[in-house]
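Here is a short briefing on one protein chain. Keep the sequence and the model side by side while reading.

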Amino acid sequence: MVIQLRKRHPSLMRRHFLTGAIAEGQTLADITWHGVDPDQQPDWQASQPQPLAYTLTAVASDESDLHIVMNMSDQDWTMRLPTLTGKRWAIAINTAKSSPQDIILPEKQKPVSNPQYQIPPRSVMVFESSV
């Protein structure tokens, strides 16, 4: 199922370095880094483990944007999803869950109703955007 996710996201197979710039014809940067709040940059100098999040903008017209959050600390963190105009986020991967519940196929994904969510310790969560 992870291979299926990768294959439906050309943004994960780019042949050029991500720059954080907005490409021609796009409205968002190719990658945007986030701290605990999507409106702030990560604390790259933090002495304690903190979650790190980033948003990858779709490169194909039939592709979803991705928002990836990594929490390598020993505690839960409350995070807020970035706002996407006209789109909603849905959980695609949650490594805190046991297999096979850790990966959710697109047809079974449910939009996240609350923009704030808990990310469990030592886990990765991947969100896909949908209309």
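Helices and strands here are DSSP runs numbered from the N terminus, with at least four residues for a helix and at least two for a strand. By that naming, Arg122 lies in the loop between E6 and E7. The model is predicted. The chain holds one helix and seven strands, in the order α-β-β-β-β-β-β-β along the sequence. Its radius of gyration is 14 Å, close to the 14 Å that the globule rule gives for 131 residues, so the chain is as compact as a globular protein of that length.

**Overall build**

- The C-alpha trace spans about 40 × 35 × 30 Å along its principal axes.
- Of the 131 residues, 37% count as buried.
- Among contacts with a separation of 6 or more, 61% come from residues 24 or more positions apart.
- The accessible surface is about 8,200 Å². Carbon and sulfur atoms account for 53% of that surface.
- There are 12 positive and 13 negative side chains. The centres of the two sets lie 8 Å apart.

**Strand E7 and its partners**

- Strand E7 covers residues 123-130. Six of its eight residues are buried, so E7 is largely enclosed by the rest of the structure.
- Strand E5 covers residues 88-94, and five of its seven residues are buried, so E5 too is largely enclosed by the rest of the structure.
- E5 and E7 run antiparallel and are joined by six bridges.
- Within this pairing, Ile91 has Phe127 of E7 as its bridge partner. Ile93 stands opposite Val126 in E7.
- Strand E3, residues 66-71, also pairs with E7. This pairing is antiparallel, again with six bridges.
- Ile68 has Val126 of E7 as its bridge partner. Val126 is thus named in two pairings, with Ile68 and with Ile93.

**Strands E4 and E6**

- Strand E4, residues 77-80, is joined to E6 by four bridges. The two strands run antiparallel.
- Met79 has Tyr117 of E6 as its bridge partner.
- In a regular strand the side chains alternate between the two faces of the sheet.
- E6 shows alternation along its length. Tyr117 and Ile119 point to one face and are buried. Gln116 and Gln118 point to the other face and are not buried.
- Tyr117 therefore combines two roles in this description: it is the bridge partner of Met79, and it points to the buried face of E6 together with Ile119.

**Strand E1 and the loops beside it**

- Ile31 sits in strand E1. Its relative accessible area is 9%, under the 20% cut-off, so Ile31 is buried.
- Leaving out residues up to four places away in sequence, Ile31 touches Leu18, Gly20, Tyr54, Thr55 and Leu56.
- Ile31 and Asp76 are 45 residues apart along the chain, and their C-alpha atoms are separated by 25 Å.
- Gln26 is in the loop between helix H1 (2-7) and E1. Its relative accessibility is 30%, which makes Gln26 partly exposed.
- Beyond its neighbours within four places in sequence, Gln26 is in contact with Thr57, Ala58 and Val59.
- Gln26 and Arg6 are 20 residues apart along the chain. Their C-alpha atoms are separated by 21 Å.
- Asp37 is in the loop between E1 (31-34) and E2 (52-56). Asp37 is partly exposed, at 24% relative accessible area.
- The C-alpha atoms of Asp37 and Met79 are separated by 6.3 Å, with their positions 42 residues apart along the chain.

**Backbone features in the later loops**

- The peptide bond from Ser99 to Pro100 is cis, with omega near 10°.
- Pro100 is in the loop between E5 and strand E6 (116-119).
- Arg122 has a positive phi of about 45°, although it is not a glycine.
- The relative accessibility of Arg122 is 53%, over the 50% cut-off, so this residue counts as exposed.

Notes. Residues are numbered from 1 along each chain as its sequence is written. This is a predicted model: local features need pLDDT of at least 70, side-chain atom pairs count only at pLDDT 80 or more; totals for chains, interfaces and linings use all residues. Side-chain values use heavy atoms; hydrogens and water are left out. The radius of gyration is taken over C-alpha atoms; the globule rule is 2.2 Å times the number of residues to the power 0.38. Buried means under 20% relative accessible area, exposed over 50%, partly exposed in between (1.4 Å probe, protein chains only). Contact means heavy atoms within 4.5 Å. Accessible areas come from the Shrake-Rupley method with a 1.4 Å probe; for residues, only the protein chains shown count as cover. Lys and Arg count as positive and Asp and Glu as negative; His and the chain ends are not counted. The place of a charge is taken as NZ of Lys, CZ of Arg, CG of Asp or CD of Glu. Two strands pair if DSSP finds at least two bridges between them.
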